[in-house]
Amino acid sequence: MYNHVTDDVVKKLEDIVGTDYVTTSEPLRHSYMARGIMGLEAVLPEAIIRPLNAREVSQILVLANEKRIPVTPAAGGLSGGFALPAIEPGGIYMDMTRMDGLEVDTENRVMVVEPGLKSGDAWRIFKTKYPEWAPPIPDGAPPAATVLGDAIERGFSLVTGVYGPQADLIMGLEVVLPTGEIFRTGSWALPGAKPYYRWGPGPNPDGLFLGSQGSMGIITKAAIKMVPHPHHKTVVAFGGQNWEDIIIPAWEISKHEMGISERTVMVQGGNWPLVMTRWPKTNVPLDYKFYEKIGISEYWMNYEIWAWSEKELEFTISEIEKIYKNYEKEHNTECPRQELHPKQVASRLKKPNKIAIPYSLWQAGYLFITWYVPWMESPACMTEYCAKMEEYGFPPTMWVASIDHARQAIVMPIVCFDITEEGIFEKIEKFNRETTRSFLKKGWLNYRPDPFVHAPETFSRTPEYYKMLVKFRKVLDPNLILHPGRLAIPWESVTDLPYPSTEGD
Ligand SMILES: Cc1cc2nc3c(=O)[nH]c(=O)nc-3n(C[C@H](O)[C@H](O)[C@H](O)COP(=O)(O)OP(=O)(O)OC[C@H]3O[C@@H](n4cnc5c(N)ncnc54)[C@H](O)[C@@H]3O)c2cc1C
(Lines give C-alpha, C1' and ligand atoms only; values in the text may rest on other atoms or scores of the structure.)
Protein backbone atom coordinates (compact mmCIF):
# COMPACT_ATOMS: atom_id res chain seq x y z
CA MET A 1 0.00 0.00 0.00
CA TYR A 2 2.76 2.46 0.91
CA ASN A 3 6.04 3.67 -0.61
CA HIS A 4 9.43 4.08 1.02
CA VAL A 5 11.10 7.41 1.75
CA THR A 6 13.56 7.79 -1.14
CA ASP A 7 16.50 10.21 -1.51
CA ASP A 8 14.29 12.31 -3.76
CA VAL A 9 11.63 12.54 -1.01
CA VAL A 10 14.29 13.47 1.56
CA LYS A 11 15.42 16.28 -0.74
CA LYS A 12 11.85 17.56 -1.05
CA LEU A 13 11.38 17.39 2.74
CA GLU A 14 14.59 19.40 3.17
CA ASP A 15 13.23 22.01 0.76
CA ILE A 16 10.22 22.41 3.06
CA VAL A 17 11.89 22.65 6.49
CA GLY A 18 15.60 23.15 5.76
CA THR A 19 18.40 20.58 5.79
CA ASP A 20 18.96 20.90 9.56
CA TYR A 21 15.52 19.56 10.33
CA VAL A 22 15.41 16.31 8.37
CA THR A 23 17.43 13.21 9.20
CA THR A 24 17.63 9.61 8.09
CA SER A 25 20.42 8.81 10.58
CA GLU A 26 19.86 5.27 11.86
CA PRO A 27 21.03 5.89 15.46
CA LEU A 28 18.76 8.93 15.67
CA ARG A 29 15.80 6.99 14.31
CA HIS A 30 16.42 4.31 16.93
CA SER A 31 16.66 6.94 19.65
CA TYR A 32 13.08 7.96 18.83
CA MET A 33 12.01 4.33 19.21
CA ALA A 34 13.52 4.31 22.70
CA ARG A 35 11.15 7.12 23.78
CA GLY A 36 8.17 4.90 23.15
CA ILE A 37 9.14 2.83 26.15
CA MET A 38 5.84 0.98 26.30
CA GLY A 39 5.33 0.49 22.57
CA LEU A 40 5.60 -3.25 22.44
CA GLU A 41 4.99 -3.30 18.70
CA ALA A 42 6.48 -0.50 16.63
CA VAL A 43 8.16 0.02 13.27
CA LEU A 44 11.38 2.02 12.74
CA PRO A 45 10.64 5.30 10.92
CA GLU A 46 12.61 5.98 7.74
CA ALA A 47 13.03 9.73 8.16
CA ILE A 48 12.53 12.23 10.97
CA ILE A 49 11.28 15.71 10.16
CA ARG A 50 10.85 18.68 12.50
CA PRO A 51 8.50 21.34 11.10
CA LEU A 52 8.23 24.87 12.50
CA ASN A 53 4.65 25.83 11.73
CA ALA A 54 1.29 24.72 10.35
CA ARG A 55 2.25 25.74 6.81
CA GLU A 56 5.25 23.40 6.81
CA VAL A 57 3.12 20.62 8.33
CA SER A 58 0.65 21.10 5.50
CA GLN A 59 3.35 20.96 2.82
CA ILE A 60 4.78 17.76 4.30
CA LEU A 61 1.35 16.13 4.30
CA VAL A 62 0.69 17.17 0.71
CA LEU A 63 4.01 15.61 -0.32
CA ALA A 64 3.32 12.44 1.68
CA ASN A 65 -0.05 12.17 -0.04
CA GLU A 66 1.45 12.62 -3.49
CA LYS A 67 4.11 9.95 -2.75
CA ARG A 68 1.86 7.76 -0.59
CA ILE A 69 4.17 7.66 2.38
CA PRO A 70 2.86 7.11 5.93
CA VAL A 71 3.29 9.88 8.50
CA THR A 72 3.36 9.52 12.29
CA PRO A 73 3.06 12.70 14.37
CA ALA A 74 4.69 12.87 17.79
CA ALA A 75 4.78 15.57 20.43
CA GLY A 76 6.82 14.37 23.43
CA GLY A 77 6.62 10.80 22.13
CA LEU A 78 6.10 9.59 25.71
CA SER A 79 2.56 8.32 25.53
CA GLY A 80 3.95 4.82 25.68
CA GLY A 81 4.64 3.88 22.11
CA PHE A 82 1.48 5.39 20.70
CA ALA A 83 3.47 7.97 18.81
CA LEU A 84 5.54 5.37 16.97
CA PRO A 85 4.75 4.04 13.50
CA ALA A 86 2.47 1.03 13.62
CA ILE A 87 2.56 0.23 9.91
CA GLU A 88 5.15 -0.95 7.38
CA PRO A 89 7.15 0.86 6.12
CA GLY A 90 7.74 3.25 9.04
CA GLY A 91 7.69 6.31 6.73
CA ILE A 92 7.99 9.86 8.02
CA TYR A 93 8.09 10.57 11.75
CA MET A 94 6.91 14.12 12.33
CA ASP A 95 8.58 15.39 15.50
CA MET A 96 6.56 18.45 16.59
CA THR A 97 8.94 19.63 19.34
CA ARG A 98 10.12 22.75 17.49
CA MET A 99 6.57 24.08 17.67
CA ASP A 100 6.56 24.84 21.39
CA GLY A 101 4.68 28.15 21.61
CA LEU A 102 2.55 29.19 24.57
CA GLU A 103 0.16 32.14 24.81
CA VAL A 104 -1.64 32.86 28.06
CA ASP A 105 -4.90 34.81 28.26
CA THR A 106 -5.69 35.34 31.94
CA GLU A 107 -8.82 37.37 31.16
CA ASN A 108 -10.51 34.51 29.30
CA ARG A 109 -8.67 31.86 31.31
CA VAL A 110 -7.41 30.04 28.26
CA MET A 111 -3.92 29.13 27.13
CA VAL A 112 -2.96 28.40 23.54
CA VAL A 113 -0.32 25.71 23.21
CA GLU A 114 1.60 24.27 20.32
CA PRO A 115 2.26 20.53 20.26
CA GLY A 116 5.88 20.78 21.42
CA LEU A 117 5.20 22.63 24.69
CA LYS A 118 6.51 20.29 27.39
CA SER A 119 4.68 19.82 30.68
CA GLY A 120 7.80 20.66 32.68
CA ASP A 121 8.25 23.93 30.77
CA ALA A 122 4.57 24.87 31.03
CA TRP A 123 4.68 24.32 34.80
CA ARG A 124 7.90 26.36 35.16
CA ILE A 125 6.56 29.26 33.09
CA PHE A 126 3.30 29.39 35.05
CA LYS A 127 5.09 29.12 38.37
CA THR A 128 7.24 32.14 37.61
CA LYS A 129 4.91 34.28 35.47
CA TYR A 130 1.34 33.29 36.33
CA PRO A 131 1.46 31.79 39.86
CA GLU A 132 -2.30 32.27 40.32
CA TRP A 133 -2.99 29.85 37.45
CA ALA A 134 -2.06 26.26 36.68
CA PRO A 135 -1.65 24.60 33.30
CA PRO A 136 -3.40 21.23 33.15
CA ILE A 137 -0.35 19.01 32.79
CA PRO A 138 -0.35 15.22 33.21
CA ASP A 139 0.45 14.67 36.86
CA GLY A 140 2.77 11.71 36.69
CA ALA A 141 4.17 11.83 33.16
CA PRO A 142 7.81 12.72 32.54
CA PRO A 143 8.39 16.50 32.23
CA ALA A 144 9.16 16.04 28.52
CA ALA A 145 5.60 14.83 27.83
CA THR A 146 3.52 17.62 26.35
CA VAL A 147 0.34 19.41 27.36
CA LEU A 148 -1.16 18.84 23.93
CA GLY A 149 -0.09 15.19 23.70
CA ASP A 150 -1.96 14.58 26.93
CA ALA A 151 -5.07 16.37 25.64
CA ILE A 152 -4.96 14.34 22.42
CA GLU A 153 -4.73 11.22 24.57
CA ARG A 154 -7.62 12.46 26.78
CA GLY A 155 -5.19 11.90 29.62
CA PHE A 156 -5.18 12.30 33.34
CA SER A 157 -4.15 15.80 34.38
CA LEU A 158 -3.39 17.21 37.81
CA VAL A 159 -7.00 18.41 38.13
CA THR A 160 -8.79 15.54 36.42
CA GLY A 161 -10.58 14.61 39.66
CA VAL A 162 -12.58 17.81 39.25
CA TYR A 163 -12.36 18.81 35.59
CA GLY A 164 -12.50 15.44 33.82
CA PRO A 165 -10.04 14.05 31.28
CA GLN A 166 -7.64 16.57 29.76
CA ALA A 167 -9.59 16.67 26.48
CA ASP A 168 -12.61 18.09 28.35
CA LEU A 169 -10.62 21.31 28.81
CA ILE A 170 -10.19 21.96 25.07
CA MET A 171 -11.73 25.22 23.80
CA GLY A 172 -10.58 25.03 20.18
CA LEU A 173 -8.14 23.31 17.86
CA GLU A 174 -6.08 24.26 14.84
CA VAL A 175 -5.83 21.20 12.64
CA VAL A 176 -3.97 20.38 9.46
CA LEU A 177 -5.89 17.74 7.57
CA PRO A 178 -3.95 14.91 5.90
CA THR A 179 -4.76 16.52 2.55
CA GLY A 180 -3.11 19.77 3.64
CA GLU A 181 -6.07 22.06 4.50
CA ILE A 182 -5.74 24.05 7.73
CA PHE A 183 -8.83 24.85 9.81
CA ARG A 184 -9.84 25.85 13.34
CA THR A 185 -12.66 24.63 15.53
CA GLY A 186 -14.95 26.43 17.99
CA SER A 187 -15.34 30.24 17.96
CA TRP A 188 -11.72 30.24 16.73
CA ALA A 189 -13.07 29.31 13.27
CA LEU A 190 -14.16 32.94 12.89
CA PRO A 191 -11.14 35.02 11.81
CA GLY A 192 -10.03 37.26 14.66
CA ALA A 193 -12.27 35.59 17.24
CA LYS A 194 -10.92 34.30 20.53
CA PRO A 195 -11.23 30.63 21.49
CA TYR A 196 -13.93 31.39 24.07
CA TYR A 197 -16.74 29.12 22.85
CA ARG A 198 -15.96 25.50 22.20
CA TRP A 199 -19.03 24.59 20.16
CA GLY A 200 -18.35 27.15 17.43
CA PRO A 201 -20.46 27.91 14.39
CA GLY A 202 -21.85 24.41 13.94
CA PRO A 203 -21.40 20.81 15.04
CA ASN A 204 -18.03 20.59 16.70
CA PRO A 205 -15.60 18.13 15.06
CA ASP A 206 -13.07 18.26 17.96
CA GLY A 207 -13.99 14.79 19.10
CA LEU A 208 -12.70 13.30 15.87
CA PHE A 209 -9.18 14.46 16.68
CA LEU A 210 -9.07 13.99 20.45
CA GLY A 211 -8.38 10.34 21.11
CA SER A 212 -7.61 9.68 17.46
CA GLN A 213 -3.89 9.23 18.23
CA GLY A 214 -2.98 11.35 15.24
CA SER A 215 -4.89 9.24 12.76
CA MET A 216 -7.37 11.92 11.60
CA GLY A 217 -5.29 15.10 11.32
CA ILE A 218 -2.35 16.92 12.84
CA ILE A 219 -3.11 19.44 15.56
CA THR A 220 -0.85 22.45 15.38
CA LYS A 221 -2.45 24.55 18.13
CA ALA A 222 -4.92 23.98 20.91
CA ALA A 223 -6.72 26.39 23.18
CA ILE A 224 -7.00 24.79 26.62
CA LYS A 225 -8.61 26.06 29.78
CA MET A 226 -6.13 26.91 32.50
CA VAL A 227 -7.30 26.42 36.05
CA PRO A 228 -7.01 28.54 39.21
CA HIS A 229 -4.07 27.69 41.42
CA PRO A 230 -4.83 28.24 45.10
CA HIS A 231 -1.73 27.71 47.19
CA HIS A 232 -3.05 26.22 50.43
CA LYS A 233 -2.37 22.61 49.63
CA THR A 234 -1.83 19.26 51.19
CA VAL A 235 -2.23 15.54 50.63
CA VAL A 236 -4.12 13.27 53.02
CA ALA A 237 -4.33 9.50 52.71
CA PHE A 238 -6.56 6.82 54.20
CA GLY A 239 -5.92 3.10 54.27
CA GLY A 240 -8.33 0.21 53.90
CA GLN A 241 -8.70 -3.55 54.15
CA ASN A 242 -9.93 -4.08 50.59
CA TRP A 243 -10.76 -2.18 47.38
CA GLU A 244 -14.26 -1.22 48.61
CA ASP A 245 -12.69 0.48 51.63
CA ILE A 246 -10.90 2.95 49.39
CA ILE A 247 -13.48 3.30 46.61
CA ILE A 248 -16.74 3.81 48.54
CA PRO A 249 -15.55 6.61 50.88
CA ALA A 250 -13.92 8.37 47.91
CA TRP A 251 -17.29 8.21 46.13
CA GLU A 252 -19.03 9.69 49.18
CA ILE A 253 -16.50 12.53 49.25
CA SER A 254 -16.58 13.12 45.50
CA LYS A 255 -20.36 13.44 45.48
CA HIS A 256 -19.95 16.71 47.42
CA GLU A 257 -19.84 18.69 44.18
CA MET A 258 -19.86 22.47 44.60
CA GLY A 259 -18.57 21.65 48.08
CA ILE A 260 -15.49 19.88 49.40
CA SER A 261 -14.98 17.76 46.29
CA GLU A 262 -14.14 20.90 44.24
CA ARG A 263 -11.00 21.01 46.39
CA THR A 264 -9.95 17.37 46.04
CA VAL A 265 -8.33 17.97 42.66
CA MET A 266 -6.63 14.61 42.61
CA VAL A 267 -8.09 11.47 44.15
CA GLN A 268 -5.92 8.47 43.52
CA GLY A 269 -4.88 5.30 45.24
CA GLY A 270 -3.78 1.73 44.88
CA ASN A 271 -2.29 -1.23 46.69
CA TRP A 272 1.00 -1.97 48.42
CA PRO A 273 2.82 -3.52 45.36
CA LEU A 274 2.78 0.04 43.97
CA VAL A 275 5.46 0.78 46.57
CA MET A 276 7.37 -2.46 46.15
CA THR A 277 7.71 -2.35 42.36
CA ARG A 278 9.29 1.10 42.38
CA TRP A 279 12.55 -0.61 43.40
CA PRO A 280 14.75 -3.27 41.75
CA LYS A 281 13.18 -6.69 42.40
CA THR A 282 16.42 -8.09 43.80
CA ASN A 283 16.84 -5.31 46.38
CA VAL A 284 13.52 -5.30 48.24
CA PRO A 285 11.46 -7.70 50.36
CA LEU A 286 8.70 -9.31 48.35
CA ASP A 287 6.41 -9.98 51.29
CA TYR A 288 3.71 -7.57 52.47
CA LYS A 289 4.78 -8.05 56.11
CA PHE A 290 7.77 -5.77 55.56
CA TYR A 291 5.61 -3.01 54.09
CA GLU A 292 3.06 -3.42 56.88
CA LYS A 293 5.84 -2.92 59.42
CA ILE A 294 6.82 0.40 57.84
CA GLY A 295 3.20 1.56 58.04
CA ILE A 296 2.00 0.98 54.48
CA SER A 297 -1.64 -0.04 54.32
CA GLU A 298 -2.60 -2.85 51.98
CA TYR A 299 -4.85 -0.41 50.09
CA TRP A 300 -5.02 3.37 50.30
CA MET A 301 -6.51 6.49 48.73
CA ASN A 302 -4.76 9.86 48.50
CA TYR A 303 -6.60 13.17 48.34
CA GLU A 304 -4.63 16.11 47.01
CA ILE A 305 -6.40 19.21 48.24
CA TRP A 306 -6.08 22.75 46.89
CA ALA A 307 -7.82 25.49 48.87
CA TRP A 308 -7.99 29.28 48.95
CA SER A 309 -7.23 29.52 52.70
CA GLU A 310 -5.96 27.42 55.63
CA LYS A 311 -9.49 27.53 57.03
CA GLU A 312 -10.92 26.07 53.84
CA LEU A 313 -8.18 23.43 53.77
CA GLU A 314 -8.86 22.38 57.37
CA PHE A 315 -12.61 22.33 56.79
CA THR A 316 -12.13 20.04 53.78
CA ILE A 317 -9.91 17.66 55.75
CA SER A 318 -12.32 17.52 58.68
CA GLU A 319 -15.27 16.76 56.36
CA ILE A 320 -13.25 13.98 54.71
CA GLU A 321 -12.43 12.56 58.15
CA LYS A 322 -16.12 12.63 59.11
CA ILE A 323 -17.07 10.69 56.00
CA TYR A 324 -14.41 8.08 56.78
CA LYS A 325 -15.58 7.73 60.39
CA ASN A 326 -19.17 7.12 59.20
CA TYR A 327 -17.99 4.64 56.62
CA GLU A 328 -15.93 2.70 59.19
CA LYS A 329 -18.93 2.50 61.50
CA GLU A 330 -21.41 1.48 58.81
CA HIS A 331 -19.14 -1.13 57.27
CA ASN A 332 -17.49 -2.34 60.44
CA THR A 333 -14.01 -1.82 59.02
CA GLU A 334 -10.89 0.24 59.58
CA CYS A 335 -9.59 2.93 57.26
CA PRO A 336 -6.78 4.53 59.28
CA ARG A 337 -5.49 7.90 58.22
CA GLN A 338 -1.96 7.28 56.91
CA GLU A 339 0.92 9.12 58.46
CA LEU A 340 2.60 10.94 55.60
CA HIS A 341 6.10 12.31 56.09
CA PRO A 342 6.30 15.99 55.03
CA LYS A 343 8.75 14.86 52.33
CA GLN A 344 6.10 12.48 50.97
CA VAL A 345 3.56 15.31 50.84
CA ALA A 346 6.07 17.64 49.22
CA SER A 347 7.04 15.08 46.58
CA ARG A 348 3.37 14.41 45.76
CA LEU A 349 2.70 18.14 45.39
CA LYS A 350 5.71 18.63 43.14
CA LYS A 351 4.73 18.81 39.46
CA PRO A 352 5.36 16.99 37.23
CA ASN A 353 5.97 14.58 40.09
CA LYS A 354 7.82 11.83 38.14
CA ILE A 355 6.27 9.32 40.52
CA ALA A 356 5.56 6.74 37.81
CA ILE A 357 9.01 6.67 36.25
CA PRO A 358 10.72 4.22 38.69
CA TYR A 359 8.56 1.25 37.61
CA SER A 360 11.29 0.53 35.09
CA LEU A 361 13.58 -0.38 38.00
CA TRP A 362 11.75 -3.60 38.99
CA GLN A 363 12.81 -5.64 35.96
CA ALA A 364 13.26 -3.04 33.20
CA GLY A 365 10.02 -3.78 31.33
CA TYR A 366 6.83 -2.03 32.35
CA LEU A 367 3.51 -1.39 30.74
CA PHE A 368 0.63 0.81 31.86
CA ILE A 369 -2.68 -0.57 30.68
CA THR A 370 -5.60 1.74 31.23
CA TRP A 371 -9.35 1.22 31.54
CA TYR A 372 -12.26 3.51 32.15
CA VAL A 373 -14.95 1.97 34.33
CA PRO A 374 -17.84 3.39 36.37
CA TRP A 375 -16.31 4.36 39.71
CA MET A 376 -18.31 1.93 41.80
CA GLU A 377 -17.44 -0.97 39.50
CA SER A 378 -13.71 -0.41 39.89
CA PRO A 379 -13.31 -2.77 42.91
CA ALA A 380 -14.60 -5.66 40.77
CA CYS A 381 -12.29 -4.68 37.92
CA MET A 382 -9.23 -4.39 40.16
CA THR A 383 -9.94 -7.63 42.01
CA GLU A 384 -10.18 -9.53 38.72
CA TYR A 385 -7.12 -7.78 37.31
CA CYS A 386 -4.92 -8.46 40.37
CA ALA A 387 -5.89 -12.15 40.41
CA LYS A 388 -5.02 -12.43 36.71
CA MET A 389 -1.70 -10.64 37.16
CA GLU A 390 -0.71 -13.10 39.87
CA GLU A 391 -1.86 -16.03 37.76
CA TYR A 392 0.47 -14.80 34.98
CA GLY A 393 3.36 -14.24 37.40
CA PHE A 394 3.27 -10.41 37.41
CA PRO A 395 3.21 -8.51 40.71
CA PRO A 396 -0.39 -7.24 41.15
CA THR A 397 0.55 -3.55 40.98
CA MET A 398 -2.62 -1.49 40.66
CA TRP A 399 -3.34 2.24 40.53
CA VAL A 400 -6.76 3.87 40.42
CA ALA A 401 -7.87 7.49 40.14
CA SER A 402 -11.05 9.48 40.03
CA ILE A 403 -12.22 11.25 36.90
CA ASP A 404 -14.71 14.11 37.30
CA HIS A 405 -15.87 13.69 40.92
CA ALA A 406 -15.65 9.89 40.75
CA ARG A 407 -18.07 9.60 37.88
CA GLN A 408 -15.53 7.29 36.31
CA ALA A 409 -12.44 5.48 37.51
CA ILE A 410 -9.27 5.19 35.55
CA VAL A 411 -7.98 1.75 36.50
CA MET A 412 -4.36 1.15 35.67
CA PRO A 413 -2.49 -2.08 36.29
CA ILE A 414 1.24 -1.58 35.95
CA VAL A 415 2.64 -4.74 34.40
CA CYS A 416 6.27 -5.02 35.50
CA PHE A 417 8.13 -7.68 33.56
CA ASP A 418 11.52 -9.05 32.66
CA ILE A 419 12.16 -8.10 29.04
CA THR A 420 14.73 -10.88 28.70
CA GLU A 421 12.25 -13.64 29.63
CA GLU A 422 11.60 -15.92 26.66
CA GLY A 423 8.10 -15.47 25.21
CA ILE A 424 7.30 -12.52 27.51
CA PHE A 425 5.61 -10.43 24.81
CA GLU A 426 3.35 -13.33 23.80
CA LYS A 427 2.54 -13.83 27.48
CA ILE A 428 1.56 -10.17 27.87
CA GLU A 429 -0.56 -10.37 24.74
CA LYS A 430 -2.39 -13.44 26.12
CA PHE A 431 -2.91 -11.71 29.48
CA ASN A 432 -4.23 -8.64 27.69
CA ARG A 433 -6.57 -10.63 25.48
CA GLU A 434 -8.03 -12.64 28.35
CA THR A 435 -8.69 -9.60 30.55
CA THR A 436 -9.95 -7.55 27.61
CA ARG A 437 -12.51 -10.14 26.57
CA SER A 438 -13.81 -10.39 30.09
CA PHE A 439 -13.89 -6.63 30.71
CA LEU A 440 -15.58 -5.68 27.45
CA LYS A 441 -18.44 -8.00 28.31
CA LYS A 442 -18.86 -6.01 31.53
CA GLY A 443 -19.03 -2.74 29.62
CA TRP A 444 -15.57 -1.44 30.58
CA LEU A 445 -13.50 0.46 28.02
CA ASN A 446 -9.79 0.42 27.39
CA TYR A 447 -8.18 3.67 26.40
CA ARG A 448 -4.80 3.86 24.69
CA PRO A 449 -5.40 0.39 23.24
CA ASP A 450 -2.91 -2.17 22.10
CA PRO A 451 -3.44 -2.37 18.31
CA PHE A 452 -3.54 -6.14 18.21
CA VAL A 453 -5.64 -6.78 21.28
CA HIS A 454 -7.77 -3.99 22.74
CA ALA A 455 -8.55 -2.24 19.47
CA PRO A 456 -9.81 -5.23 17.49
CA GLU A 457 -11.47 -6.82 20.50
CA THR A 458 -13.33 -3.58 21.23
CA PHE A 459 -14.22 -2.76 17.66
CA SER A 460 -15.46 -6.26 16.95
CA ARG A 461 -18.04 -5.57 19.66
CA THR A 462 -18.87 -2.10 18.33
CA PRO A 463 -19.08 -2.76 14.58
CA GLU A 464 -21.31 0.22 13.73
CA TYR A 465 -19.07 2.60 15.65
CA TYR A 466 -15.98 1.14 14.00
CA LYS A 467 -17.52 1.50 10.51
CA MET A 468 -18.34 5.12 11.25
CA LEU A 469 -14.74 5.82 12.32
CA VAL A 470 -13.38 4.21 9.16
CA LYS A 471 -15.79 6.34 7.12
CA PHE A 472 -14.67 9.57 8.79
CA ARG A 473 -11.05 8.55 8.42
CA LYS A 474 -11.45 7.91 4.72
CA VAL A 475 -13.12 11.29 4.22
CA LEU A 476 -10.38 13.13 6.08
CA ASP A 477 -7.50 10.99 4.88
CA PRO A 478 -8.45 9.40 1.53
CA ASN A 479 -5.00 7.85 0.99
CA LEU A 480 -4.69 6.81 4.65
CA ILE A 481 -1.27 8.37 4.99
CA LEU A 482 -1.55 9.18 8.69
CA HIS A 483 -0.56 6.26 10.88
CA PRO A 484 -3.59 4.47 12.29
CA GLY A 485 -2.28 4.84 15.81
CA ARG A 486 -2.98 2.04 18.22
CA LEU A 487 -6.65 2.27 17.29
CA ALA A 488 -5.96 0.28 14.15
CA ILE A 489 -8.48 2.07 11.98
CA PRO A 490 -8.73 0.57 9.50
CA TRP A 491 -7.62 -2.81 10.79
CA GLU A 492 -6.20 -3.99 7.45
CA SER A 493 -3.61 -1.19 7.44
CA VAL A 494 -2.01 -2.75 10.53
CA THR A 495 -2.01 -6.46 9.78
CA ASP A 496 -2.95 -9.12 7.25
CA LEU A 497 -4.56 -11.18 10.01
CA PRO A 498 -8.32 -11.63 9.64
CA TYR A 499 -10.41 -9.21 11.66
CA PRO A 500 -11.34 -11.00 14.89
CA SER A 501 -14.96 -11.55 15.67
CA THR A 502 -16.83 -12.48 18.80
CA GLU A 503 -18.04 -15.74 17.26
CA GLY A 504 -17.16 -18.77 19.33
CA ASP A 505 -16.23 -16.51 22.23
C1 LIG B 1 6.24 7.26 33.39
C2 LIG B 1 5.00 7.77 32.72
C3 LIG B 1 4.00 8.37 33.49
C4 LIG B 1 2.84 8.85 32.89
N5 LIG B 1 1.91 9.48 33.67
C6 LIG B 1 0.79 9.99 33.09
C7 LIG B 1 -0.19 10.71 33.86
O8 LIG B 1 -0.05 10.93 35.05
N9 LIG B 1 -1.30 11.13 33.22
C10 LIG B 1 -1.47 10.90 31.88
O11 LIG B 1 -2.50 11.30 31.34
N12 LIG B 1 -0.56 10.28 31.15
C13 LIG B 1 0.56 9.82 31.69
N14 LIG B 1 1.49 9.18 30.92
C15 LIG B 1 1.22 9.02 29.48
C16 LIG B 1 1.76 10.17 28.59
O17 LIG B 1 3.05 10.52 28.95
C18 LIG B 1 0.92 11.41 28.60
O19 LIG B 1 -0.39 11.16 28.18
C20 LIG B 1 1.59 12.46 27.73
O21 LIG B 1 1.16 13.73 28.07
C22 LIG B 1 1.54 12.24 26.28
O23 LIG B 1 2.19 13.35 25.70
P24 LIG B 1 3.32 13.20 24.63
O25 LIG B 1 3.75 14.56 24.29
O26 LIG B 1 4.36 12.25 25.07
O27 LIG B 1 2.42 12.58 23.45
P28 LIG B 1 2.88 11.72 22.22
O29 LIG B 1 3.29 10.37 22.67
O30 LIG B 1 3.86 12.46 21.40
O31 LIG B 1 1.52 11.68 21.41
C32 LIG B 1 0.32 11.14 21.90
C33 LIG B 1 -0.51 10.65 20.70
O34 LIG B 1 -0.94 11.75 19.92
C35 LIG B 1 -0.40 11.70 18.60
N36 LIG B 1 0.08 13.06 18.33
C37 LIG B 1 1.16 13.68 18.87
N38 LIG B 1 1.23 14.94 18.43
C39 LIG B 1 0.18 15.12 17.62
C40 LIG B 1 -0.31 16.23 16.88
N41 LIG B 1 0.32 17.39 16.91
N42 LIG B 1 -1.44 16.07 16.16
C43 LIG B 1 -2.09 14.88 16.14
N44 LIG B 1 -1.68 13.80 16.81
C45 LIG B 1 -0.56 13.92 17.55
C46 LIG B 1 0.70 10.68 18.61
O47 LIG B 1 0.83 10.03 17.36
C48 LIG B 1 0.24 9.75 19.72
O49 LIG B 1 -0.64 8.79 19.22
C50 LIG B 1 2.67 8.71 31.49
C51 LIG B 1 3.66 8.11 30.72
C52 LIG B 1 4.83 7.67 31.31
C53 LIG B 1 5.88 7.06 30.44
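**Sheets, a ligand shell and a helix end**

Helix α3 (residues 54-67) lies across β8 (170-176), β9 and β10, and runs at about 45 degrees to β8. Keep in mind that this is a predicted model.

Me: Happy to start with the sheet that holds β8: in what order do its 5 strands come?
Reply: The 5 strands form an open sheet with antiparallel pairing. Its edge strands are β5 (102-105) and β9 (182-184), each pairing on one side only. Neighbouring strands of this sheet are turned by 10 degrees against each other on average, direction ignored. The order is β5-β6-β10-β8-β9.

Me: Which residue of β10 stands opposite Val112?
Reply: Look at strand β6 (residues 110-113), which runs antiparallel to β10 and is joined to it by 4 bridges. The partner of Val112 in β10 is Ala223.

Me: Thanks! And in the sheet of 4 strands, what is the order?
Reply: This open sheet has mixed pairing. Its edge strands, each pairing on one side only, are β1 (22-23) and β3. The strands follow the order β1-β2-β4-β3.

Me: Which residue in β2 is found opposite Val22?
Reply: β1 and strand β2 (residues 47-49) run antiparallel, with 2 bridges joining them. Opposite Val22 you will find Ile49.

Me: Now to the ligand: which elements give two or more residues to the shell around it?
Reply: The ligand is surrounded by 34 residues, and the closest are Gly76, Ser79, Gly149, Gly155 and Gly214. The elements giving two or more residues to this shell are β3 (71-74), α5 (147-152) and β10 (218-225).

Me: How many residues of the shell around the ligand are nonpolar?
Reply: The shell also holds 12 polar and 3 charged residues. The nonpolar residues number 19.

Me: Why does the ligand lie between two domains, and which ones?
Reply: Two domains both give residues to the shell around the ligand, so the ligand lies between them. They are domain 1 (7-95) and domain 2 (102-228).

Me: Finally, is Glu391 buried or exposed?
Reply: Glu391 has its place in helix α14 (residues 378-391). A residue with 12 or fewer other C-beta atoms within 10 Å of its own is called exposed. Because Glu391 has 11 C-beta neighbours inside 10 Å, it counts as exposed.

Me: What separates the C-alpha atoms of Glu391 and Asp105?
Reply: Along the chain, Glu391 and Asp105 are 286 residues apart. In space, their C-alpha atoms are separated by 52 Å.

Notes:
Residues numbered from 1 in each chain as written. Predicted model: local features only at pLDDT ≥ 70, side-chain atom pairs only at ≥ 80, totals over all residues. Near = placed C-beta within 6 Å. Nonpolar A, V, L, I, M, F, W, Y, C, P; charged D, E, K, R; others polar. Domains from an automatic or database assignment. Pairing = 2+ DSSP bridges. Axes fitted to C-alpha atoms, helices over the stretch in contact; angles between N-to-C directions. Contact = placed C-beta atoms within 7 Å. Buried ≥ 20, exposed ≤ 12 C-beta atoms within 10 Å, placed from the backbone.
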